[in-house]
Amino acid sequence: MEETTSKKGAKKAEAKAKKEAEKARKAAEREAAAASSSTGAAAEDLAKDNYGDIKTANQSSTVEYVPLRELGEKHIGQTIELRAWIQNSRMQGAKMAFVELREEGSWAIQGVVAASAEGTPVSRQMVKWIGGVKLESFVQVEATVQKPLEPVKSCKVSDYELHITKLYLVAPAPEMLNLGLATANRVVGSLAEQDETADPNVEGLNISEGAPVASLATHLNNPAMHKRAAVSQAIADIRIAVEDLFGEYLRERRFKKFHPPCLIGAASEGGSNVFKLPYFDSEAYLAQSPQFYKQFEIAGGRKRVYCVGPVFRAENSNTPRHMTEFIGLDLEMEIQKHYHEVLHMLEGVLLYIFRGLTVRCREEIDLVRSVYPSEEFLLPEPGKETRLTFAEGQALLRSEGPPEYAEVKDDEDMSTPQEKALGALIKKKYNTDFYVLDKFPVDARPFYAMPDPENPKLTNAYDFFMRGQEILSGGQRLHLPAELEAHIRFKGLDPQQPGIKEYVDVFKSVGVPPHGGGGIGLDRVVAFYLNLPTVHLVSDYVRTPKRLSP
């Protein structure tokens with residue numbers, strides 16, 4: 001009996017084991033089928049050639065490249081090529097993604113990528129991959145131009161959108177940006193020069209969202225992203241327009257351009273604020289200005305000359321209006337009868353620049369003011385230019401200025417706070433942001449400035465101002481060698497010292513006609529015109545006592 005029971009138990013156990021084995025076999029088959037199906041699905045990405053690294057792209061494509069600024073109604077329904085940065089992206093489910101493509105400056109357009117039902121030309125895998133491309137990566141796109149359902153407010157090109165069929169990664173961006181585009185397009189925070197740690201929350205921000213404010217140091221330490229900002233490019237375009245307008249006005253009046261040297265053999269103006277460097281077996285200096293060389297051109301027979309180039313000042317001034325290297329706009333011209341011929345020429349070129357900017361750079365000016373709000377730069381009416389003598393400016397400060405300037409003297413140079421206070425008074429009195437102060441005291445001018453023949457305590461020299469800040473110094477120069485040497489001695493300098501001797505010798509070597517000129521700080525003109533918080537936002541690559549890179 002026990003033997004029979006044992007046999008039945010063994011049969012049950014065997015049957016159970018067989019049943020479990022069958023279940024395991026079927027489960028394994030199901031897993032294998034699923035794995036095979038998954039592998040098959042991956043292999044069946046019919047759009048795999050339409051996205052990925054640029055190396056996989058068909059470089060023989062004949063699709064036309066169309067810059068965004070040229071996109072128009074005629075392109076609707078056409079396939080075009082575009083190379084741009086991805087400045088923003090968002091997924092909409094698993095089948096659709098939106099990307100904002102920026103070609104240059106603020107020229108951006110919305111791109112749409114949607115998976116096709118048949119998996120080509122766009123698959124789900126392609127949509128997912130595009131949605132994961134890092135912001136500020138550079139891509140090449142093929143897309144069909146279409147009209148959006150409604151204008152895309154976040155993009156400059158708002159009346160069209162691109163339906164993407166191909167997208168290739170040309171240059172990937174890093175996982176984390178030290179300065180995001182949203183922040184780069186905002187007003188700078190601290191103007192301090194010291195380095196700061198990058199904000200880890202900057203990367204990946206949506207352009208339309210609020211963004212943290214970065215310091216000036218953070219901006220300048222991340223030049224690529226700082227320069228990608230539309231506001232930075234607008235400022236740069238305005239800067240070059242000023243330079244172009246300067247040359248255009250002068251060429252029309254028979255001025256000839258020349259190129260002065262930056263390397264010179266001695267401190268050019270007898271001062272100590274000069275950079276010295278080894279030069280083979282001797283020493284060289286970086287030019288503080290092209291002043292001497294402009295005058296050499298006049299001595300060489302030119303009637304009118306101008307130049308544009310770098311100027312170097314070894315001044316340990318850490319302010320928003322100073323740099324150790326900046327671009328100077330300089331001119332010099334022969335005087336026929338009176339040194340005001342030069343003053344009027346300088347006044348004319350600056351007014352031409354200001355009026356030209358409002359026409360040529362209206363869009364850029366408005367863009368900058370959307371980030372750095374400022375009032376329109378006020379100009380005097382034609383024929384009603386504001387010109388005061390230095391003494392008249394000081395008198396205005398004494399009578400109508402702040403109490404601390406009630407005792408300012410006519411023979412002392414103005415401080416920066418004095419200049420700004422006078423600028424506010426002149427704006428209120430004459431309704432202009434641009435004016436001239438003439439007849440500066442002799443103690444406030446260099447040794448080559450011509451003294452006023454009627455009052456030797458004054459000079460035939462002037463400064464020009466924008467919003468109460470100086471942007472130009474100039475005047476008539478001493479051109480007779482005996483008078484020049486006497487004035488050099490009067491200033492406590494030796495006409496035989498290196499640098500000055502060679503300068504004086506030019507005037508001894510030939511007869512030099514009366515002449516004068518002026519030097520304009522390009523970066524200051526732009527910064528003060530736009531009322532920016534610092535000239536450092538204008539310079540392409542800032543140089544200050546604390547900054548030598550990038």
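Two residues are in contact when heavy atoms lie within 4.5 Å. Keep that in mind for this predicted model.

Start in the interior. Leu350 touches Phe434, Phe464, Ile471, Leu472 and Ile520, leaving aside residues up to four places away in sequence. Leu350 also belongs to a bigger group. The largest nonpolar core has 66 residues. Phe246, Leu350, Phe354, Leu357 and Phe464 have the most contacts inside that core. Another core lies apart from it. This other core has 31 residues, including Leu101, Val122, Val133 and Ala143.

Now look at a charged residue. Is Asp523 buried or exposed? Its relative accessibility is 2%, so Asp523 counts as buried. The cut-off for buried is under 20% relative accessible area. Asp523 sits in helix α14, which covers residues 522-530. Which residues does Asp523 touch? They are Arg239, Met323, Phe326, Ile327, Val535, Val538 and Ser539, again not counting residues up to four places away in sequence.

Next come the salt bridges. The model holds 33 of them. One joins the side chains of Glu332 and Arg477, at 2.8 Å from N to O. Glu332 lies in strand β13, residues 325-334. Arg477 lies in the loop between β19 (469-476) and α12 (481-490). The pair therefore ties together parts that are 145 residues apart in sequence. Both ends are hidden: Glu332 is buried, and so is Arg477. This pair is also part of a network of salt bridges, which links Lys294, Asp330, Glu332 and Arg477.

Turn to another pair. Asp410 and Arg398 meet through their side chains in a salt bridge, at 3.0 Å from N to O. Arg398 is in helix α10 (390-400), while Asp410 is in the loop between α10 and α11. So this bridge ties together parts that are 12 residues apart in sequence. How exposed are the two ends? Asp410 has a relative accessible area of 33%, so it is partly exposed. Arg398 has 31%, so it is partly exposed too.

A further bridge joins the side chains of Asp433 and Lys427, at 3.7 Å from N to O. Here the ends fall into two classes. Asp433 has 3% relative accessibility, so it counts as buried. Lys427 has 26%, so it counts as partly exposed.

Move on to a small piece of sheet. An open sheet of 3 strands runs in the order β9-β11-β10, with antiparallel pairing. Which strands are at the edges? They are β9 and β10 (276-279), and each pairs on one side only. Strands of a sheet pair through backbone hydrogen bonds, either parallel or antiparallel. Strand β9 covers residues 263-264. Strand β11 covers residues 282-286, and 2 bridges join it to β9. These two strands run antiparallel. Within the pairing, Ile264 stands opposite Tyr285 in β11.

Stay with β9 and look outward. Leu263 is in this strand. Its relative accessible area is 43%, so Leu263 is partly exposed. Leu263 helps to make a surface patch together with Tyr279 and Phe280. The patch is nonpolar and has an area of about 370 Å². Where does Phe280 lie? Phe280 is in the loop between β10 and β11. Its relative accessibility is 75%, so Phe280 counts as exposed. The cut-off for exposed is over 50%.

Phe280 also brings us to the backbone. Most residues other than glycine have a negative phi, and most peptide bonds are trans. Phe280 has a positive phi, near 55 degrees. Asn431 likewise has a positive phi, near 55 degrees. Asn431 lies in the loop between α11 (416-430) and β15 (434-438).

Finally, check the peptide bonds. Which form does the bond from Thr120 to Pro121 take, cis or trans? It is cis, with omega near 10 degrees. Pro121 is found in the loop between β5 (107-114) and α2 (124-131). The bond from Ser549 to Pro550 is also cis, with omega near 0 degrees. Pro550 belongs to the segment after α14.

Conventions
Residues numbered from 1 in each chain as written. Predicted model: local features only at pLDDT ≥ 70, side-chain atom pairs only at ≥ 80, totals over all residues. Heavy atoms only, no water. Patch = residues over 30% accessible without salt bridge, like charges linked within 9 Å, V, L, I, M, F, W, Y side chains within 5 Å. Areas by Shrake-Rupley, 256 points an atom, 1.4 Å probe, with all protein chains shown as cover. Salt bridge = Lys/Arg side-chain N within 4 Å of Asp/Glu carboxyl O. Helix = DSSP H or I, 4+ residues; strand = E, 2+ residues; numbered from the N terminus. Buried < 20%, exposed > 50% of the residue type's maximum accessible area, 1.4 Å probe, protein only. Core = buried A, V, L, I, M, F, W, Y, C linked by side-chain atoms within 4.5 Å. Pairing = 2+ DSSP bridges.
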